[in-house]
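Here is a short walk through one model, from its sheet to the helices beside it. Have the view open as you read.

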Amino acid sequence: MPVLLFLIDTSASMNQRTHLGTTYLDVAKGAVETFMKLRGRDPASRGDRYMLVNYEDVPFGIKAGWKESHATFMTELRNLQATGLTTIGQSLRTAFDLLNLNRLVTGIDNYGQGRNPFFLEPAIIIAITDGNKLTSGGGVQDELHLPLTTPLPGSELTKEPFRWDQRLFALVLRIPGNTSVEPEPLGGVPPDDSPITPMCEVTGGRSYSVFSQRMLNQCLESLVQKIQSGVVINFEKTGPDPPPLEDAPAEALKSGLQPWHCCHKLIYVRPNPKTGVPIGHWPIPEAFWPDQNSPTLPPRSAHPHVRFSCLDAEPMVIDKVPFDKYELEPSPLTQYILERKSPHTCWQVFVCNSAKYSDLGQPFGYLKASTALNCVNLFVMPYNYPVLLPLLDDLIKVHKFKPTIKWRQSFENYLKTMPPYYIGVTFINLSVCLSVYVNA
């Protein structure tokens, strides 16, 4: 059930008129209603929750939150007035705090226990603004700053105000007051150069610079397509590049930082067709080894930093041992992997500092092109799976579930490399799969 939060600029400058005779605020209200109509074509929209926030101070800026009905949302939208300052930083903080209100209660962020992509509450914030200077009681600001303090308990556990399943998109209205004689640019809508753009990009979203009603409609169609169940991950290369392909173009042979070396993209978390709820087995590890004597947890970044090694490895899977598979959003990284046309090899993934005695950590899964070479998937496995899976294979096929002393010692050594929070989930998942063999 995605949350769609509209953050509407209600500063006085939104009263400026376009060449169509409407004010920017009128355009913003119409855009929200058009978006809802477009979204309503999808049967999945029946589970949507709409929220509305404007630039007034808390709590008056929250026009429709968790408790308000759809009818209240529409009434509050139509009653919006443009009278205040451009306090977008404070309003964005209000929007994120509103989305995060219940997360600590539900335990969805699973702090200190690894990150579960299948525990998510997908949210998209759509900010509609005129891109004017940021004004507040303290004067004019050149950069967007969100207040650091928040009354929400647990907010100190994440470095940023947003979470990995929340993305910000901005429609920056640039529609002129006079009819333009210049032809509209063809192709996609460019990003805007206003201060909100870096904030959009940090969350995994983007901004749109809107110069006409046609471009606005194009943006709304695009935004409807971006309502995806997923979480944002930072993928970053570790170690050397792979050897170049024989027929690689000249630009692919360039040295130095390449776009595919570091990508900040979504992994799609598909709901189970039967239940409508995502199901998974394994977490993405934390970027620290838990200290049992520490009274507090170190704050985590909103998006996990996942390192990938370009050394070709064998994709390991054992029958009945569960794994999770997530498709990556198209990016320079997915394009690069697909161009290599190697669906039978994989690149292992790591989270730095997740292991006790290794800076890089142990592999918790791998990136692999699909057999049809039409997408790239992230496989999430048990922690340090290259050691565990051969042990399980021996237990099943060689020892027939009667482990030797040597096997027990090897398994105990493996457990010492595993972060403590993995032990419970590992034994639960393995007991289920091994019982299938025993009862067969």
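Helices here are DSSP runs of H or I with at least four residues, numbered from the N terminus. With that in mind, α7 is followed by Lys 341, whose phi is positive, near 50 degrees. Please remember throughout that this is a predicted model.

**The barrel**

Let us turn to the sheet. Seven strands form a closed barrel in the order β9-β10-β12-β15-β14-β13-β11, and their pairing is mixed. On average, neighbouring strands of this sheet are turned by 40 degrees against each other, direction ignored.

Four of the pairings can be set side by side, each with a residue pair to look for.

| Strands | Sense | Bridges | Facing residues |
|---|---|---|---|
| β9 and β10 | antiparallel | seven bridges | Val 232 and Leu 266 |
| β9 and β11 | parallel | five bridges | Phe 235 and Val 306 |
| β11 and β13 | antiparallel | four bridges | Phe 308 and Val 349 |
| β13 and β14 | antiparallel | three bridges | Trp 347 and Leu 367 |

Phe 308 is worth a second look: in β13 it stands opposite Val 349, and Lys 237 stands opposite Phe 308 in β11. How many of the nine residues of β9 are buried? Eight of them are, so to speak of β9 as mostly covered is fair.

**Helix α7 on the sheet**

Helix α7 spans residues 332-339 and packs on the sheet. Its contacts take in β9 (230-238), β10 (262-268), β11 (305-313), β12 (324-328), β13, β14 and β15 (376-380). The direction of α7 makes about 65 degrees with that of β14.

Which residues of α7 are buried? They are Leu 333, Thr 334, Tyr 336 and Ile 337. Seen down the axis of α7, these buried residues fall within an arc of 160 degrees, and therefore they line one face of the helix.

**Helix α2**

Now for a helix earlier in the chain. In α2 (residues 70-78), the buried residues are Phe 73, Met 74 and Leu 77. Their arc around the axis is only 95 degrees, which puts them on the same side of α2. The general rule helps here: an α-helix has 3.6 residues a turn, so residues three or four places apart point the same way.

What covers the buried residues of α2? The cover includes two strands and a helix to look at in turn: β1 (3-8), β2 (49-53) and α1 (24-39), with β3 (62-64) included as well.

Conventions. Residues are numbered from 1 along each chain as its sequence is written. This is a predicted model: local features need pLDDT of at least 70, side-chain atom pairs count only at pLDDT 80 or more; totals for chains, interfaces and linings use all residues. Side-chain values use heavy atoms; hydrogens and water are left out. Two strands pair if DSSP finds at least two bridges between them. Axes are lines fitted to C-alpha atoms, for helices over the stretch in contact, and angles run from 0 to 180 degrees between N-to-C directions. Contact means heavy atoms within 4.5 Å. Buried means under 20% relative accessible area, exposed over 50%, partly exposed in between (1.4 Å probe, protein chains only). The arc is that of the directions from the helix axis to the C-beta atoms.
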